[in-house]
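Subject: Structure for your files

Hello,

Please find the structure below, with the sequence alongside. My notes come after it.

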Amino acid sequence: MKNITLIVAMEQEALPLIQRLQLLNVSRADARLPFNVYCGGYKTLNVCLMSHGIDRVHKVPCVGTQAATLVTMEAIRCYQPDLIINAGTCGAFAAKGSAVGQVYMGERIRFYDRRIPLGDYKTYGEGHYPCPEGVTLARAINLPLAVVCTGNSLDMSPTDEAILRQEPVVAKEMEAGAVAWVASLYSVPVVAIKAVTDLVDHPVAAPEQFSHNLQRAAENLCHPVIALLDELSRR
């Protein structure tokens with residue numbers, strides 16, 4: 001396993017990794033797309049990090065499943081990764097034992113807000129993607145596991161919360177399901193590694209928690225991602 005692609009939605013999440021890995025900004029294959037690409041070598045690995053970039057109309061980072069779908073397509077088309085690592089931040093439940101800054105590896109990825117109660121559309125909407133590589137790697141680098149649950153909203157409806165509470169430890173985020181879906185079409189394995197920025201069951205609203213804790217979570221994410229790359233370089 002030599003070619004590793006990191007997909008990280010926000011530049012703020014990516015910056016500690018870019019600096020630690022000494023990755024260099026490279027030109028995009030299609031300059032019309034907003035994504036940023038950083039590449040370099042790390043031990044025995046060829047590492048490419050792709051962040052979603054800035055929306056040109058609204059001037060905010062491109063987050064959510066639309067951008068994640070496009071960037072994953074570009075990653076596979078341009079860099080032929082042997083493994084995709086979707087790294088980023090997430091929400092979690094204090095009642096399930098989570099804390100701000102904690103980092104999880106995904107044992108499974110699913111959508112929680114694609115509710116299509118119509119025959120086989122139900123399971124299609126939920127889109128469960130097992131991550132056996134993630135389970136193996138989490139054990140190797142001593143990371144706890146969570147079910148990574150993807151939706152396109154930072155806040156949460158009562159229906160969303162009821163669905164999430166049915167899972168064990170939850171990492172609630174906005175990209176991994178789309179990354180896993182595209183990667184599954186090309187039979188590229190995916191692992192998701194997420195650092196907690198906000199607690200769903202905290203009295204302070206999620207957006208305020210997210211803004212306050214983003215830098216801390218991004219820095220906490222860096223060490224286990226490096227440990228993950230170290231483990232991959234030995235294989």
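What follows covers the chain as a whole and then one helix.

Please keep in mind that this is a predicted model.

Overall fold. The chain contains seven helices and 10 strands. Its C-alpha trace extends about 45 × 35 × 35 Å along the principal axes. The radius of gyration is 17 Å, which agrees with a compact globule, because a chain of 235 residues packed that way would come near 18 Å. Of the 235 residues, 53% count as buried. Contacts are mainly long-range in sequence: taking those between residues at least 6 apart, 73% join residues at least 24 apart.

Surface and charge. About 10,800 Å² of the chain is exposed, and carbon and sulfur atoms supply 54% of that area. There are 21 positive and 23 negative side chains. The centres of these two sets lie 4 Å apart.

Helix 6. This helix runs over residues 176–185 and is mostly covered, with seven of its 10 residues buried. Which residues of helix 6 are buried? They are A176, G177, A178, V179 and A180, followed by V182 and A183. As a general point, an α-helix has 3.6 residues a turn, so residues three or four places apart point the same way. In helix 6, the buried set includes A176, V179, A180 and A183. Just after helix 6, S187 adopts a positive phi of about 55°.

Regards

Conventions:
Residues are numbered from 1 along each chain as its sequence is written. This is a predicted model: local features need pLDDT of at least 70, side-chain atom pairs count only at pLDDT 80 or more; totals for chains, interfaces and linings use all residues. Side-chain values use heavy atoms; hydrogens and water are left out. Buried means under 20% relative accessible area, exposed over 50%, partly exposed in between (1.4 Å probe, protein chains only). Helices (H or I, at least four residues) and strands (E, at least two) are DSSP runs, numbered from the N terminus. The radius of gyration is taken over C-alpha atoms; the globule rule is 2.2 Å times the number of residues to the power 0.38. Contact means heavy atoms within 4.5 Å. Accessible areas come from the Shrake-Rupley method with a 1.4 Å probe; for residues, only the protein chains shown count as cover. Lys and Arg count as positive and Asp and Glu as negative; His and the chain ends are not counted. The place of a charge is taken as NZ of Lys, CZ of Arg, CG of Asp or CD of Glu.
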